[in-house]
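These are my notebook entries on a single protein chain. I record what I looked up, entry by entry.

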Amino acid sequence: PIAQFLGDLYRLSLFVGPVETSLDFSPKLPFAEVVPGSTWKQTVGYQPQRLKGKPGMTVQRLDYTYTYKGRVTVNGKTFERVVASLSLNSDLADWAKQYMGEDDEGSGPALTRLPLHMNSNIEFNLDPKTFHTVSAQATSEGGFEVYLSDAPKSAIYERKLHGRTSLQLRSITLVSS
């Protein structure tokens, strides 16, 4: 079960996978009018997290927070800039033990921590008339570590993730039938 969530982390960090979790070709704009500084959210996945003040773990949404930055000029061309950011910081150890029905009194070393973290940022340059994405630059950084009870201060496994993706519109051709 942990592999499912780690797989989601890989896909999110590399901006690949199903449309709802990969690099957005165009940010989901809100219905209401926006001004520079306006923000809105879009769900892109789900991760186990501990709810403050409550026992156990639950699955919570992962949302990109979009921010409208206003008009920008890049290489002499004017665009509407929208930035999307995602931040994840969770420990899956309790959830993994809860899910697998394990307790801390097993025969071997027990899982004590499984910290999972990621920060992701996408800058979209949109055509000011059509709001089609002309270009986008996406970066991410994150990773996870596995800690066991027999060596609680040293990760037995660690994986760091870095992703960078660029998107550039080549042309838009309208076809009439």
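Is Glu80 buried or exposed? I looked up its relative accessible area and found 4%, so Glu80 is buried. The cut-off behind this reading is that a buried residue has under 20% relative accessible area. I note at the outset that the model is a predicted one.

**Entry 1: the partner of Glu80**

I then looked for the partner of this side chain. Glu80 and Arg71 meet through their side chains in a salt bridge, at 2.5 Å from N to O. Arg71 has a relative accessibility of 56% and therefore counts as exposed, since the cut-off for exposed is over 50%. I therefore record a bridge with a buried acid, Glu80, and an exposed base, Arg71.

**Entry 2: the other salt bridges**

How many salt bridges does a search of the whole structure find? The search gives 3. I looked up the two that remained after Entry 1.

In one of them, Glu123 is joined to Arg81, with 3.5 Å between the closest N and O atoms. Glu123 belongs to strand β5 (residues 115–126) and Arg81 to strand β3, so this pair ties together parts that lie 42 residues apart in sequence. Arg81 is buried at 15% relative accessible area, whereas Glu123 is partly exposed at 32%.

In the other, the side chains of Glu158 and Lys160 meet at 3.0 Å, N to O. Glu158 is partly exposed, at 43%, and Lys160 is exposed, at 54%.

**Entry 3: aromatic rings**

I searched the whole structure for aromatic pairs and noted 3. For Tyr64 and Tyr66, the ring centres are 6.3 Å apart and the planes meet at 50°, so I entered the pair as tilted. Tyr64 is buried, at 4% relative accessibility, and Tyr66 is buried as well, at 1%. Which residues form one aromatic cluster? They are Trp40, Tyr64 and Tyr66.

I also looked up Phe144 and Tyr157, whose ring centres are 5.9 Å apart with planes at 35°, so this pair is tilted too. Because Phe144 lies in strand β6 (residues 133–148) and Tyr157 in strand β7 (residues 157–168), the pair ties together parts 13 residues apart in sequence. Phe144 is buried at 4%, while Tyr157 is partly exposed at 40%.

One further ring has a charge over it: the charged end of Arg113 sits 3.9 Å from the centre of the ring of Tyr147.

**Entry 4: the whole chain**

I next turned to the chain as a whole. It has 2 helices and 7 strands, and from the N terminus their order is α-β-β-β-α-β-β-β-β. The chain comprises 177 residues, of which 39% count as buried. It exposes about 11000 Å², and carbon and sulfur atoms supply 51% of that area. I also looked at contacts between residues at least 6 apart in sequence: 59% of them join residues at least 24 apart.

**Entry 5: confidence**

Where is the confidence lowest, and where is it highest? I found the lowest mean, 72, in helix α1 (residues 2–14) and the highest, 92, in strand β3 (residues 77–91). Arg81, noted in Entry 2, lies in strand β3. Over the chain the average pLDDT is 81, and 76% of the residues score at least 70.

How values were computed: Residues are numbered from 1 along each chain as its sequence is written. This is a predicted model: local features need pLDDT of at least 70, side-chain atom pairs count only at pLDDT 80 or more; totals for chains, interfaces and linings use all residues. Side-chain values use heavy atoms; hydrogens and water are left out. Helices (H or I, at least four residues) and strands (E, at least two) are DSSP runs, numbered from the N terminus. Buried means under 20% relative accessible area, exposed over 50%, partly exposed in between (1.4 Å probe, protein chains only). Contact means heavy atoms within 4.5 Å. Accessible areas come from the Shrake-Rupley method with a 1.4 Å probe; for residues, only the protein chains shown count as cover. Rings of Phe, Tyr and Trp (its six-membered ring) pair if their centres lie within 6.5 Å; planes under 30 degrees apart count as stacked, over 60 as edge-to-face and the rest as tilted. A charge sits over a ring if NZ of Lys or CZ of Arg is within 6 Å of the ring centre and within 35 degrees of the ring normal. pLDDT is the predictor's confidence in each residue, from 0 to 100. A salt bridge is a side-chain nitrogen of Lys or Arg within 4 Å of a carboxyl oxygen of Asp or Glu.
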